[in-house]
Number of protein chains: 2
Amino acid sequence: MTTQDISSRRPLPDGFLDDLRALLGDRVQTGDAIRLEHGRSESHFAPMPPDVVAFVESTAEVVAIVRLCGTAYVPIIPFGAGTSVEGNTLAVQGGLSLDLSRMTKIVAVNNEDFDCTVEAGVRREQLNEHLRDQGLFFPIDPGANATIGGMASTRASGTNAVRYGTMREAVLGLTVVAADGRVIRTAQRARKSSAGYDLTRLFVGSEGTLGIVTEVTLRLHAIPEAISAATCSFETIGGAVDTVVQSIQLGIPLARVELLDDMQIRAVNRWSNMDLPELTTLFFEFHGSERYVAEQVETVGELAAANGGGEFQWANLPEDRSRLWKARHEAYYAAVNIRPGAMGWATDVCVPISRLAQCITETKADLAASSVPATILGHVGDGNFHVVFAIDRESAEELQEVEGINARLVRRALAMDGTCTGEHGIGLGKQEWLVEELGEAVDLMRSVKRALDPGNLFNPGKIFALGAIEPDMPAGGAT
Amino acid sequence: MTTQDISSRRPLPDGFLDDLRALLGDRVQTGDAIRLEHGRSESHFAPMPPDVVAFVESTAEVVAIVRLCGTAYVPIIPFGAGTSVEGNTLAVQGGLSLDLSRMTKIVAVNNEDFDCTVEAGVRREQLNEHLRDQGLFFPIDPGANATIGGMASTRASGTNAVRYGTMREAVLGLTVVAADGRVIRTAQRARKSSAGYDLTRLFVGSEGTLGIVTEVTLRLHAIPEAISAATCSFETIGGAVDTVVQSIQLGIPLARVELLDDMQIRAVNRWSNMDLPELTTLFFEFHGSERYVAEQVETVGELAAANGGGEFQWANLPEDRSRLWKARHEAYYAAVNIRPGAMGWATDVCVPISRLAQCITETKADLAASSVPATILGHVGDGNFHVVFAIDRESAEELQEVEGINARLVRRALAMDGTCTGEHGIGLGKQEWLVEELGEAVDLMRSVKRALDPGNLFNPGKIFALGAIEPDMPAGGAT
């Protein structure tokens with residue numbers, strides 16, 4: 001497993017836990033099991049538990065904790081559902097895991113304005129259940145039933161992003177507790193604004209390193225009159241990708257278009273008891289009026305046929321559609337469980353779509369030369385794909401082998417003008433690649449971090465290493 | 001006219017112009033006419049000319065100028081087409097106007113990826129002419145033939161934003177010269193990324209205060225198979241706005257939907273020689289396949305009729321459509337010229353769409369009580385609208401009256417959870433409103449500014465006032 005230098009860990013100061021309990025009572029927990037649960041990852045990182053877990057129920061409580069931790073030099077790691085995969089919530093330097101999962105109030109739904117405001121701990125499935133009766137939905141769907149706060153913090157996207165965008169587009173405004181304990185609202189509820197710097201977008205994707213997000217205002221969409229879903233198998237990866245590129249070129253607003261390689265289909269068939277042909281496959285979803293969906297289907301069907309695709313297999317009943325997307329959502333677990341007892345390692349890159357077929361093909365060749373089982377699946381309309389490895393958790397050789405494949409994958413994507421992560425974030429796992437991708441731009445990020453969190457209080461050690469601590473730090477203290 | 005404290009202006013240091021001429025030769029200009037041209041505004045602000053204008057032709061030249069100005073404590077105000085309306089390019093403290101309008105290279109068009117990279121001085125009409133043969137277009141259209149760099153810097157949007165988003169969504173990445181002269185690339189060309197802080201969105205809308213944008217990578221779109229445009233007159237503002245809200249609720253992807261009030265229609269009829277009924281009017285544009293456009297038109301036509309709208313007046317021939325949108329683009333000039341010799345004052349706000357009809361109706365009542373001619377026009381699908389006043393430039397009373405109307409308009413929008421500017425930016429004109437809108441969040445913006453531009457070198461005095469200068473400022477010197 002990856003090891004991590006925790007030499008800068010320091011014990012909690014005397015009296016800190018008493019002060020914390022005075023604020024939150026028995027919502028302060030220090031048991032081994034709860035700390036481990038907040039200090040482990042869904043992926044391959046070694047556990048790094050926090051010293052204490054605090055379950056908050058309001059923005060005011062977050063303010064009190066930020067003030068307390070700032071004075072006591074205790075790092076704060078915000079925690080939602082714990083479904084991130086780059087070690088984003090691990091307590092590298094110990095400290096306090098700030099669990100927001102009990103902040104589940106849906107504060108307001110403005111159905112005429114297609115927006116809502118929710119507390120950070122609301123999960124996307126809860127939100128969509130709440131919205132359904134009003135004819136609205138929240139489209140961002142990373143697979144996991146993540147919290148909205150966590151999704152904002154990693155700039156999550158997922159299957160619907162090709163049509164509806166990512167959290168970058170979905171978030172209209174945030175309530176954030178800043179390092180000095182002030183509560184900031186980043187934007188009003190207007191659909192667009194030119195009022196000063198885009199603080200909303202600065203916090204979206206900052207992985208909890210700049211402030212604690214406690215409320216999120218989101219764009220919503222009308223549930224379409226008609227939804228149609230289908231799968232289609234292809235002889236080649238190029239044929240599948242070309243079908244997608246040509247569809248976009250014709251202006252078809254694909255709502256979802258997911259690529260699963262033959263290995264991934266085999267894993268899904270086994271895990272979800274499906275019987276799809278074990279070939280490169282696209283999962284499609286079309287949204288619109290009845291007539292317009294029919295038109296989209298007709299056009300895309302013709303393109304697929306011209307690119308070596310088979311017949312569309314339809315899943316138009318709501319229960320069939322749910323089964324199909326449930327299988328897609330569980331693809332990660334399916335991929336890991338292809339090898340009994342294996343540990344998962346998920347990585348993702350995103351490239352310009354003109355390079356996608358080549359990037360996947362070269363990656364598959366690299367995987368074929370490895371003994372570690374691995375699958376490929378991707379949000380192909382965005383040029384974004386994942387590789388999921390099923391590693392023997394006892395084997396240092398396999399870990400090293402996968403690190404090599406991952407390094408080659410990221411370098412391949414960067415050379416194609418792509419990014420080292422399309423939607424997982426940097427966390428602990430992609431820090432060296434961030435620097436390779438953006439070079440000195442990372443120094444500007446560090447300057448922003450130092451300006452907004454001068455004491456390095458928030459999620460220290462994530463996204464990038466900071467330089468030496470300034471001697472006259474106004475607050476906090478972790479490096 | 002608005003006055004401005006220029007007490008902090010200081011003369012250019014000895015030898016500065018010689019150093020500058022050694023870099024750029026006769027592209028350094030100090031004549032009164034050229035300085036005035038770079039120190040005036042399209043709106044009501046008093047001219048504030050820079051001390052010198054420098055016409056740059058490459059990123060390398062920008063680097064050299066940033067280094068020179070940083071050492072010499074000379075402010076840099078980036079300048080594109082000069083079409084902003086909140087005094088965004090005025091030289092409040094003198095200094096150097098950095099004119100990027102000669103940087104007009106289209107660096108690359110990647111038609112399979114629907115993106116392009118252009119130098120900051122490329123204008124949107126030049127870009128669209130270049131793209132047309134490739135079946136692509138760049139949708140952001142603020143009316144004026146602005147530069148892409150300027151549009152990025154004010155987070156411009158305009159008539160197509162309801163369908164295609166604003167510069168926030170359109171910009172994929174930027175090349176920026178930072179305060180220390182380093183050249184930063186904010187992102188690779190991938191469609192989405194979770195790689196660290198969103199520097200792209202931080203620079204978009206920062207009005208030249210954080211760095212000099214020299215290249216912009218943009219998302220493009222396929223020219224639709226069918227385009228259809230029409231106007232429709234309404235008895236009431238509520239009927240027009242309800243038609244738009246209901247269309248969006250049904251998922252109709254309106255490409256453009258512009259509201260012009262009766263006064264604005266009168267101005268347009270006179271200026272553009274049209275004969276539209278002098279009523280609240282929507283200008284529509286529909287994009288899609290032939291069949292889908294027909295379906296959209298049918299649905300929206302039914303909604304308009306149900307909301308007191310008249311017959312659609314079609315403009316389907318390309319030349320008729322051009323004439324219609326040309327009239328819309330010239331609406332500002334039409335509004336100002338309704339009163340011979342008048343000076344224009346344009347303001348804009350943006351509110352949640354559920355409040356738009358009320359906001360416009362209350363604003364019209366306020367305008368009706370004023371002696372200053374004014375029109376209303378707006379990007380109604382976004383909740384964004386403008387008021388254009390035609391002021392007697394000699395009358396201090398009229399100026400004061402308009403300031404009062406503007407203040408009430410902005411407060412009305414803020415009380416409706418709207419923003420003080422949807423697309424014009426803060427510049428000089430909206431600084432007090434930014435603070436009223438976002439409160440202490442503005443302090444975070446100031447922290448970011450100090451972190452990225454510690455010497456306040458870039459466009460000083462815009463967006464917000466900075467506090468006292470730190471005594472050990474590392475570079476620059478303007479307050």
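In this predicted model, Glu169(A) touches Arg219(A) and, across the chains, Glu169(B), when residues up to four places away in sequence are not counted. Glu169(A) belongs to helix α7 of chain A, which covers residues 167–170, and with a relative accessibility of 14% the residue counts as buried, because the limit for that class is under 20%. Two polar partners of the Glu169(A) side chain lie close by in sequence: a polar atom of this side chain is placed 2.7 Å from the backbone nitrogen of Thr166(A), and the side chain also makes a polar contact of 2.9 Å with the side chain of Arg168(A).

The confidence of the prediction varies along chain A. The mean pLDDT of this chain is 94, with 96% of its residues reaching 70 or more. Residues 1–7 of chain A, by contrast, stay under 50, and for them the model has 13 contacts beyond four places in sequence. The pLDDT is also below 50 over residues 468–479 of chain A, a stretch that has 26 contacts in the model beyond near neighbours in sequence.

In soluble globular proteins, nonpolar side chains tend to be buried together. The largest nonpolar core here holds 188 residues, of which Phe138(A), Met167(A), Phe138(B) and Met167(B) touch the most other members. Beyond four places in sequence, the contacts of Met167(B) include Phe138(B), Ile140(B), Ile148(B), Met151(B) and Ala152(B), and they also include Arg155(B), Val204(B) and Leu218(B).

No disulfide was found in a search of the whole structure, the count being zero over all chains. For Cys116(A), the closest cysteine sulfur is that of Cys350(B), which at 18 Å is too far for a bond. Cys116(A) is buried, with a relative accessible area of 0%, and Cys69(B) likewise counts as buried at 0% relative accessibility.

Helix α11 of chain B, residues 290–306, has 17 residues and reaches 25 Å from its first C-alpha to its last, close to the 24 Å expected at 1.5 Å a residue. Its buried residues include Tyr292(B), Val293(B), Gln296(B), Val300(B) and Leu303(B). The buried residues of α11(B) pack against α11 of chain A, and within chain B against β12, α9, β14 and β15. After the helix comes Gly308(B), whose phi is positive, near 80°. Leu250(B), in the loop between α9 and β13 of chain B, is in contact with Thr299(B) and Leu303(B) once neighbours within four places in sequence are left aside. Despite these contacts, Leu250(B) counts as exposed at 55% relative accessibility, because exposed residues are those over 50%. Leu250(B) is 187 residues from Glu437(B) in sequence and 32 Å from it in space, C-alpha to C-alpha.

A loop position of the opposite kind is provided by Thr186(A), which lies between β9 and α8 of chain A and is buried, with a relative accessible area of 4%. Leaving out residues up to four places away in sequence, Thr186(A) touches Gly173(A), Leu174(A), Val176(A), Leu199(A), Thr200(A) and Phe203(A), together with Leu438(B) from the other chain. Among these partners, Leu174(A) has its backbone nitrogen 2.9 Å from a polar atom of the Thr186(A) side chain, and the side chain of Thr200(A) makes a polar contact of 2.8 Å with that of Thr186(A).

Technical notes. Residues numbered from 1 in each chain as written. Chains lettered and ligands numbered in written order. Heavy atoms only, no water. Helix = DSSP H or I, 4+ residues; strand = E, 2+ residues; numbered from the N terminus. Buried < 20%, exposed > 50% of the residue type's maximum accessible area, 1.4 Å probe, protein only. Polar contact = N/O pair within 3.5 Å; in protein donor to acceptor, adjacent residues only side chain to side chain. Contact = heavy atoms within 4.5 Å. Core = buried A, V, L, I, M, F, W, Y, C linked by side-chain atoms within 4.5 Å. Disulfide = S-S within 2.5 Å. pLDDT = per-residue confidence, 0-100. Expected span 1.5 Å × (residues − 1).
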